[in-house]
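Here is a short briefing to read with the model open beside you. Take it one topic at a time, and look up each residue as you go.

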Amino acid sequence: MRFEDLRQRLVAELCLLGINSEPVLAAFAKIPRELYILPQYMEYAYSNQPLPIDAGQTISQPMMIAIMLEQLALEDQHHVLEIGTGSGYQTALLSELAKDVCSIERIESLSLKAQKVLKSENIKNVYFRIGDGYQGWQKAYPPYKSFDRIIVSAGAPAIPKGLTNQLADGGIMVIPVGYHSPQILTKIIRKGDELLISKHGACAFVPMIEDGE
Ligand code: SAH
């Protein structure tokens, strides 16, 4: 089967598994996952599972990404912060669903590889940073102090304050909480000074590492 057909089949599978959001499904129908995985896993490019990438990390399971994207309820005008660029696959999906994406990855080789793929795909609304994402976006450009949406792709022992501080009023953040797998997928909504926290089941992510930058 061609990648194009496999991609459509994955979208149908996500739909069957309960993903309803049209824009989320359209993003999955558009972004070629085969560009973000290692050559030896090509036959699994569109199976609904996580796969190893370089540096002992993983490209997330499509269904897990879909659940998180759906929970974010992304809109065209949103500024998004992503912690854990990894392969860049989720970054590319986010770039379809929001105005722009600021993506932080602590492993240089992964970030550089992801930057190369997104550039070759002509994706222009993503800003990359190599470093520790615990404190959020500490970069001169773009000079965003807060984000409408924040998505964390690694398991954090607790909800990082540096990240909730950068969540805009009315903003939504999703993050796996718990250092060891399984973590609890946690959603945080900021209402003024208040954080509304809800739990959404178990999930399995690589740990979020604090470099103490
Ligand atoms: N969504 C990505 C997931 C990659 S795995 C994908 O599908 O490819 C999670 C990534 O988070 C890893 O690449 C890991 O290096 C990165 N990471 C872990 N802790 C981090 C931190 N404190 N700051 C930035 N990136 C971090």
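Where is the place of A73? A73 sits in the loop between α3 and β3, and its backbone is a good spot to begin the tour. Please keep in mind that this is a predicted model. Below come the chain as a whole, some backbone details, the two largest pockets and a few single residues.

**The chain as a whole**

- The chain is built from 6 helices and 9 strands.
- Its radius of gyration is 16 Å, close to the 17 Å that the globule rule gives for 213 residues, so the chain is as compact as a globular protein of that length.
- Measuring along the principal axes, you will find that the C-alpha trace spans about 50 × 35 × 35 Å.
- Of the 213 residues, 53% count as buried.
- The chain exposes about 10000 Å², and carbon and sulfur atoms supply 53% of that area.
- If you take the contacts between residues at least 6 apart in sequence, 52% of them join residues at least 24 apart.

**Backbone details to look at**

- A73, in the loop between α3 and β3, has a phi near 45°, which is a positive value in a residue other than glycine.
- With a relative accessibility of 40%, A73 counts as partly exposed, because exposed means over 50% and buried means under 20%.
- N122 also has a positive phi, about 65°, although it is not a glycine.
- You can find N122 in the loop between α5 (108-120) and β5 (126-130).
- The relative accessible area of N122 is 53%, so N122 is exposed.
- The peptide bond from S181 to P182 is cis, with omega near 0°.
- P182 belongs to the loop between β7 and β8 (183-191).

**The largest pocket**

- The largest pocket holds about 570 Å³ of space.
- Its lining is made up of 36 residues, and Q57, T58, S153, A154 and V206 lie nearest the centre.
- The elements that give two or more residues to this lining are β2 (58-59), α3 (62-72), β3 (79-83), α4 (89-97) and β4 (100-105).
- Sorted by class, the lining of the largest pocket has 18 nonpolar, 14 polar and 4 charged residues.

**The second largest pocket**

- The volume of the second largest pocket is about 150 Å³.
- This pocket is lined by 14 residues, and those nearest its centre are S21, P23, V24, L74 and L97.
- At least two lining residues come from each of α2 (22-30), α3 and α4.
- Among the elements, α2 gives the most to the lining of the second largest pocket, with 5 residues.
- By class, the lining of the second largest pocket has 8 nonpolar, 1 polar and 5 charged residues.

**A buried strand residue: I104**

- I104 lies in strand β4.
- Its relative accessibility is 2%, so I104 counts as buried.
- Leaving out residues up to four places away in sequence, I104 touches L81, E82, I83, G84, T85, R129, G131, D132, G133, G136 and W137.
- I104 and C203 are 99 residues apart in sequence, and their C-alpha atoms are 21 Å apart in space.

**Two residues outside helices and strands: N165 and P207**

- N165 is in the loop between α6 (161-164) and β7 (167-177).
- The relative accessibility of N165 is 53%, so N165 counts as exposed.
- From N165 to E96 the C-alpha separation is 25 Å, and the two residues are 69 residues apart along the chain.
- P207 is placed in the segment after β9 (194-203).
- With a relative accessible area of 33%, P207 is partly exposed.
- Apart from neighbours within four places in sequence, P207 is in contact with A154, G155 and Y179; A154 is also one of the residues nearest the centre of the largest pocket.
- P207 and Y46 are 161 residues apart in sequence, with their C-alpha atoms 24 Å apart in space.

Notes
Residues numbered from 1 in each chain as written. Predicted model: local features only at pLDDT ≥ 70, side-chain atom pairs only at ≥ 80, totals over all residues. Heavy atoms only, no water. 1 Å grid on protein atoms, 1.4 Å probe; cavity = no way out; pocket = protein on both sides within 12 Å on 5 of 7 lines; lining within 4 Å. Points joined across faces, edges and corners; volume = space filled by probe spheres on them. Helix = DSSP H or I, 4+ residues; strand = E, 2+ residues; numbered from the N terminus. Nonpolar A, V, L, I, M, F, W, Y, C, P; charged D, E, K, R; others polar. Rg over C-alpha atoms; globule rule 2.2 N^0.38 Å. Buried < 20%, exposed > 50% of the residue type's maximum accessible area, 1.4 Å probe, protein only. Contact = heavy atoms within 4.5 Å. Areas by Shrake-Rupley, 256 points an atom, 1.4 Å probe, with all protein chains shown as cover.
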